[in-house]
Amino acid sequence: MPPPDVSSDTIILRGEQAKLGPALISVYSKTNNVKTDHMVSVNIKHKNVPDWLHKYIIGKKVANIMHMTQDLPKVRVDFIDESIRVEGLLEEIYEVCKKLKEMIYNFENKLLMKESK
């Protein structure tokens, strides 16, 4: 949290990727004490997701992203340099981030297995 003498409304969360989603939900609901139907944005930096991996995550004809967000109409996923930005409702962002991290992990493991053969 910014110091009281700084005129900023930015809160920076640091820590393990798996714990950032729940922490963001907790901070958001405690600071605003309102419904969690506000749009927010989260950048995912999972060991820097390389540009070449983006096409595999997106899938043919955007199939992977469409499947991931089919029940989450207010979520938007953008690929920027070596990170992924997810925007939408807090609960929906958490779901998409979980799916993205799982997908990244699976692709990295598949590629490592191919390289070791």
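Where does I93 lie? I93 sits in helix 4, and that's a handy place to start walking through this predicted model. With a relative accessibility of 3%, I93 is buried, because anything under 20% counts as such. Its link to I25 is worth a look too: I93 and I25 are 68 residues apart in sequence, yet their C-alpha atoms are 9.9 Å apart in space.

Before going further, a word on how far to trust the picture. The chain has a mean pLDDT of 76, and 70% of its residues reach 70 or more. Among the elements, helix 3 comes out with the highest mean pLDDT, 92, while strand 1 (residues 39-44) has the lowest, 63. Then there's the stretch over residues 32-36, where the pLDDT is below 50. In the model, that stretch has eight contacts beyond near neighbours in sequence. Where pLDDT is low, though, predicted coordinates shouldn't be read in detail.

Now for the inside. The largest nonpolar core is made of 17 residues, and I57, V77, I84, V86, V96 and L100 have the most contacts inside it. Helix 2, helix 3 (63-69), strand 3 (83-89) and helix 4 are the elements that give two or more residues to this core. Helix 4 gives the most, with seven residues. As a general matter, nonpolar side chains in soluble globular proteins tend to be buried together.

I57 is a good residue to click on if you want to see how things meet. Leaving out residues up to four places away in sequence, I57 touches V49, N64, I65, F79, I84, L100, M103, I104 and F107. Two of those names, I84 and L100, were already on the list of residues with the most contacts inside the core.

F107 leads us to the aromatic rings. How many aromatic pairs are there? The count comes to two. In one of them, the ring centres of W52 and Y56 are 6.5 Å apart and the planes meet at 75°, so this pair is edge-to-face. W52 and Y56 share helix 2 (residues 51-58) and are four residues apart, about one turn of the helix. Both side chains see some solvent-accessible surface: W52 is partly exposed at 49% relative accessibility, and Y56 is partly exposed at 38%.

Y56 also takes part in the other pair, this time with F107. Here the ring centres are 6.0 Å apart and the planes are at 45°, so the pair is tilted rather than edge-to-face or stacked. This pair links distant parts of the chain, since Y56 is in helix 2 and F107 is in helix 4 (residues 90-116), 51 residues apart. Unlike its partly exposed partner Y56, F107 is buried, with a relative accessible area of 18%. Put the pairs together and W52, Y56 and F107 form a cluster.

Last stop: the loop between helix 2 and helix 3. K61 is in this loop, and so is V62. What is the phi of K61? K61 has a positive phi of about 55°, although K61 is not a glycine. V62 does something along those lines, with a positive phi near 65° in another residue other than glycine. As for accessibility, K61 is exposed at 78%, whereas V62 is partly exposed at 39%.

Technical notes
Residues numbered from 1 in each chain as written. Predicted model: local features only at pLDDT ≥ 70, side-chain atom pairs only at ≥ 80, totals over all residues. Heavy atoms only, no water. Phe/Tyr/Trp six-rings, centres within 6.5 Å; stacked < 30°, edge-to-face > 60°. Buried < 20%, exposed > 50% of the residue type's maximum accessible area, 1.4 Å probe, protein only. Core = buried A, V, L, I, M, F, W, Y, C linked by side-chain atoms within 4.5 Å. Contact = heavy atoms within 4.5 Å. pLDDT = per-residue confidence, 0-100.
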